[in-house]
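Colleague: Hey, can you walk me through the rings in this one? I'd like to start with how a charge can sit over a ring.

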Amino acid sequence: MSKLIGRFYFKRTENGNLIGEYSHNTSKFIASECSEPIGITNGFLGTYNSTWIHGKSAIISELIITKSERSCKIFKLEWKYSDAKHFWGEGFVVDGILIGDYRDFVLEEPTVGK
């Protein structure tokens with residue numbers, strides 16, 4: 001199975017929902033995704049119920065958006081099914097839009113100098 005690498009954007013509505021689109025290295029189209037907050041959010045930070053269509057099925061996951069440890073301007077995103085991490089990515093805000101990338105695998109440590 002190939003590794004999935006994708007890109008996305010989210011806009012935050014006045015009601016705190018996130019609406020956006022995504023695509024990935026195996027898709028032939030750009031699809032939509034929407035996320036509703038679970039509890040209190042702070043800008044993009046928070047936990048959401050996220051929904052998108054895969055084939056003919058709706059996929060519902062928990063989306064958790066936090067700040068990166070490296071920079072307060074970079075966001076970490078995790079999409080989870082049944083408490084297991086399924087997709088993860090990073091992004092940053094440009095003109096009020098959160099843009100970034102995601103994948104379904106863990107990056108390996110660089111082998112520079114080995």
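Modeller: Sure. A charge sits over a ring if NZ of Lys or CZ of Arg is within 6 Å of the ring centre and within 35 degrees of the ring normal. Keep in mind that this is a predicted model.

Colleague: OK, so which ring does the charged end of Arg103 sit over?

Modeller: That's the ring of Trp88, with the charged end 5.1 Å from its centre.

Colleague: And what about Lys3, which ring face does that one lie over?

Modeller: Lys3 is over the face of Phe105, 4.8 Å from the ring centre.

Colleague: Switching topic: how many aromatic pairs does a search of the whole structure find?

Modeller: Eight aromatic pairs turn up. One of them is Phe44 with Phe75, an edge-to-face pair at 6.4 Å centre to centre, with 75 degrees between the planes.

Colleague: Why does that pair tie together parts that are apart in sequence?

Modeller: Because Phe44 lies in the loop between β3 (31-37) and β4 (46-54), while Phe75 is in strand β6 (residues 75-81), and those parts are 31 residues apart in sequence.

Colleague: Are those two buried or exposed?

Modeller: Phe44 counts as buried at 9% relative accessibility, and Phe75 counts as buried at 8%. The cut-off for buried is under 20%.

Colleague: Why is the pair of Phe87 and Tyr102 edge-to-face?

Modeller: Their planes are at 80 degrees, so the pair is edge-to-face, and the ring centres are 5.7 Å apart. Phe87 is in strand β7 (residues 84-94) and Tyr102 in strand β8 (residues 97-103), 15 residues apart. Phe87 and Tyr102 are both buried.

Colleague: Which residues do ring pairs link into a cluster?

Modeller: Phe8, Phe10, Tyr22, Trp52, Trp79, Tyr81, Phe87 and Tyr102.

Key. Residues are numbered from 1 along each chain as its sequence is written. This is a predicted model: local features need pLDDT of at least 70, side-chain atom pairs count only at pLDDT 80 or more; totals for chains, interfaces and linings use all residues. Side-chain values use heavy atoms; hydrogens and water are left out. Rings of Phe, Tyr and Trp (its six-membered ring) pair if their centres lie within 6.5 Å; planes under 30 degrees apart count as stacked, over 60 as edge-to-face and the rest as tilted. Helices (H or I, at least four residues) and strands (E, at least two) are DSSP runs, numbered from the N terminus. Buried means under 20% relative accessible area, exposed over 50%, partly exposed in between (1.4 Å probe, protein chains only).
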